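These notebook entries record what I looked up, item by item. I begin with single residues and then turn to helices and chains.

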Amino acid sequence: MTLAARNLDFGFPGRRVGSGIDLAFPAGEVVCLLGPNGSGKTTLMRTLLGLVPALAGDVTLDGRPLADWPARLRAARLAYVPQAAESHFDFSVLEMVEMGRTAHRGVFGVPDAADRAMAAACLERLHIAPLAERPIHRVSGGERQLALIARAMATQAAHVLMDEPTANLDFGNQALILDEAARLRESGKAILFSTHHPDHALRIADRVVMLRGGRILAAGPAGEVLNSENLSALYGRPVEVAEVVLAGGSRRRTCVAREAPDRLT
Amino acid sequence: MMLPRSRFPLALAGVVAALAILVAWSFTVGRFAVAPSDVVRALWASLFGGESGLARNVEAVVLQVRAPRVAAALAVGAALAAAGAAYQNLFRNPLVSPDILGVAAGCALGAGIAVLASLPIAAIQAFAFVGGLIAVGLVVAIGTWIGGRDPILTLVLTGVVVGSAFGAGIALVKYVADPYNQLPAITFWLLGSFTGALPRDLPATLIPIALSVAVLWLLRWRIDVLALSEDEARSLGVDVRRLRLVVIVAATLATASAVSLAGTIGWVGLLVPHAARLVTGAAFARVLPLSLAIGAAFMLAVDTACRTLFATELPPGVVTAFIGTPAFVVLLAAAFRRSA
């Protein structure tokens, strides 16, 4: 049973951002959402999270319209990993992760020993347990992003929706986040991962959805959809997917932006 | 270095000990010095019955003059600090407080109108509460309408604007007030003062303050989640709208009670939660108790100093402003350097 969108129109009252979206997020797969700036990736993700109501069509969770789900039950099924932002509030890393347990506790609830243990275990899994008591703004951007992933794990939600989790991170931290997203898939989660880097999709995606101008340009298994033609159409620039041979002989596909024709001499 | 989490019990114990010393000091000093043992005997007799064996006037000073004043200072300091801590999480903004948001001015206008109409204390409270709710509602509405890229600055400026509009209303109230009876009372009270704390008025203010603090305490973990972005809070399963409304009502009720008791005393609500967070991190379950204790201690220290340092009493609101304004500049600079 999964999260799915059928013939979905999304946006805000009076401003339609996208339309005609059909999507499904099967367990144990990473779906990468690619699209240029302003293509509607974030609004689509917020709609799939139930933060913005669908304009038409529907989003269903376990076959039931998302809008009919009580907020807490929905939160226990769908986890959100936002881009790590600066905050003026110095929660410790552990306290930040404990907040993932909110949906499992009542309005007057506070985290108990079990919640604390689960949060600590999530930190352990992401190898950031030593940071538990550090203030969240005194860890690196990559570590903060890992803490938010740990929080999503602490919700125990079957679906994890990540909004450009690699943005604003250095090269090494981007690779780290990609590895952890791939590991999360192995635990059976359904993952939606939006990114500006086709290479990230080439690296971890099982399926790819290309969004342009609020419509699906192409969608399908990563191996089929991630090709030079589709990527060039998606970004409006010549893009080539090339194969590189790594040390040891393994082959990997990577994406290169080519010079636009009018710039060629 | 000690962890913020483990610093909390020590810090709370330290502040509570300081608070106890301050209370003892405040009872004994003043125009009429009372020996500490006499204070204990008077309080003991009044709480548990029996004869204190003290002179009438000594007993009167302790029970009728000092006790209500000490209680009022403690309650007002605690209430303003708790309200400030709640507003700061609520607006995800470390630079707001009852006075900066214009809530205190709204409460003061409401209370001023009630004073003008010679209404009883309960009505003054109710008017203050409604005035405060209108002010915070306006700040939220205008802030949302303006939007903008820097929500912290937008909210602070909106609070200034709303506060000055209500300030004009207060000026109007003073203008039409009876210059012999009402005007001095209103002016005095607006400066912030505990001289008017009467024993019979105390329950009417202490009960709403206790009630709001209890609500904030029960919601302490949810209030942490409010400090995250709205999308995050909602995706974690929090009904952000309803929770905000409850927290606004509780914080505004505490502010209104404090204002109707002691006028507008600024800066406590801004600075005290900052001090608490600095010591113990952002978790509201630690910030709230520590803010209550620091707020109460700070307010009592200021008020006691105000009535004993010079021959004439200083208004405590003036003293907190002298301390608060430079501290605000420092916090403002820190906040902007951090978001830059």
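**Entry 1. A loop residue in chain A.** I located Asp62(A) in the loop between β4 (56-61) and β5 (64-65) of chain A. The model is a predicted one, and I read every value below with that in mind. Asp62(A) has a positive phi of about 55°, although this residue is not a glycine. I then asked whether Asp62(A) is buried or exposed. Asp62(A) has 12 other C-beta atoms within 10 Å, and 12 or fewer is the cut-off for an exposed residue; I therefore noted Asp62(A) as exposed.

**Entry 2. Another positive phi in chain A.** I looked up Asn168(A), which sits in the loop between β7 (159-162) and α6 of chain A. Asn168(A) is not a glycine, yet its phi is positive, at about 65°. I counted 15 other C-beta atoms within 10 Å of Asn168(A), so I entered this residue as partly exposed.

**Entry 3. A buried glutamine.** I next turned to helix α6 (residues 171-186) of chain A, where Gln174(A) lies. Gln174(A) counts as buried because 21 C-beta neighbours fall inside 10 Å, the cut-off being 20 or more. Which residues does Gln174(A) touch, not counting those up to four places away in sequence? I found Thr166(A) and Leu169(A). I also checked Tyr80(A), which is 94 residues from Gln174(A) along the chain; the two C-alpha atoms are separated by 18 Å.

**Entry 4. A buried valine in chain B.** I found Val302(B) in helix α13 (residues 284-308) of chain B. Val302(B) has 23 other C-beta atoms within 10 Å and is therefore buried. Leaving out residues up to four places away in sequence, I listed Pro316(B), Val319(B) and Thr320(B) as residues that Val302(B) touches. Leu314(B) is twelve residues from Val302(B) along the chain, and I noted a C-alpha separation of 9.7 Å.

**Entry 5. One face of α7(B).** Which residues of helix α7 (residues 182-190) of chain B are buried? I recorded Ile186(B), Trp189(B) and Leu190(B). Viewed down the axis of α7(B), these buried residues fall within an arc of 100°, so they line one face of the helix. I recalled that an α-helix has 3.6 residues a turn, so residues three or four places apart point the same way. The buried residues of α7(B) pack against α4 (103-116) and α6 (151-176) of chain B. Just after α7(B), I noted that Gly192(B) takes a positive phi of about 90°.

**Entry 6. α4(B) with α5(B).** I looked up how α4(B) and α5(B) pack: their axes are 6 Å apart, at an angle of about 145°. The crossing is right-handed. Residues making the contact include Gly106(B), Gly110(B) and Ala114(B) of α4(B), and Ala128(B), Gly131(B) and Ala135(B) of α5(B). By class, I entered 16 nonpolar, four polar and no charged residues for this contact.

**Entry 7. α5(B) with α8(B).** Helix α5 (residues 121-146) of chain B also packs with helix α8 (residues 202-218) of chain B, at an angle of about 35° and with the axes 9 Å apart. This crossing is right-handed. On α5(B), Ile121(B), Ala122(B) and Gln125(B) meet Ala204(B), Thr205(B) and Pro208(B) of α8(B). I sorted this contact into four nonpolar, two polar and no charged residues.

**Entry 8. α3(B) with α11(B).** The axes of helix α3 (residues 56-90) of chain B and helix α11 (residues 240-262) of chain B come within 9 Å and cross at roughly 150°. Angles over 145 degrees count as roughly antiparallel, and α3(B) and α11(B) are therefore roughly antiparallel to each other. I noted their crossing as left-handed. Among the residues in contact are Ala79(B) and Ala83(B) of α3(B), with Ala251(B) and Ala258(B) of α11(B). The contact divides into 17 nonpolar, two polar and one charged residue.

**Entry 9. Where the chains meet.** How many residues of chain B are in contact with chain A? I recorded 29, against 28 residues of chain A. On the chain B side, α1 (4-28), α9 (220-226), α10 (230-235) and α14 (316-339) each supply at least two residues. The largest share, five residues, comes from α9(B). I classed this side of chain B as 14 nonpolar, five polar and ten charged residues.

Terms used. Residues are numbered from 1 along each chain as its sequence is written. Chains are lettered from A and ligands numbered from 1 in the order in which they are written. This is a predicted model: local features need pLDDT of at least 70, side-chain atom pairs count only at pLDDT 80 or more; totals for chains, interfaces and linings use all residues. Two residues are in contact if their C-beta atoms, placed from the backbone, lie within 7 Å. Helices (H or I, at least four residues) and strands (E, at least two) are DSSP runs, numbered from the N terminus. Ala, Val, Leu, Ile, Met, Phe, Trp, Tyr, Cys and Pro count as nonpolar, Asp, Glu, Lys and Arg as charged, and the others, Gly among them, as polar. The arc is that of the directions from the helix axis to the C-beta atoms. Axes are lines fitted to C-alpha atoms, for helices over the stretch in contact, and angles run from 0 to 180 degrees between N-to-C directions. A crossing is left-handed if the near helix is turned anticlockwise from the far one by less than a right angle, and right-handed if clockwise. Angles under 35 degrees count as roughly parallel, over 145 as roughly antiparallel, 65 to 115 as roughly perpendicular and the rest as oblique.
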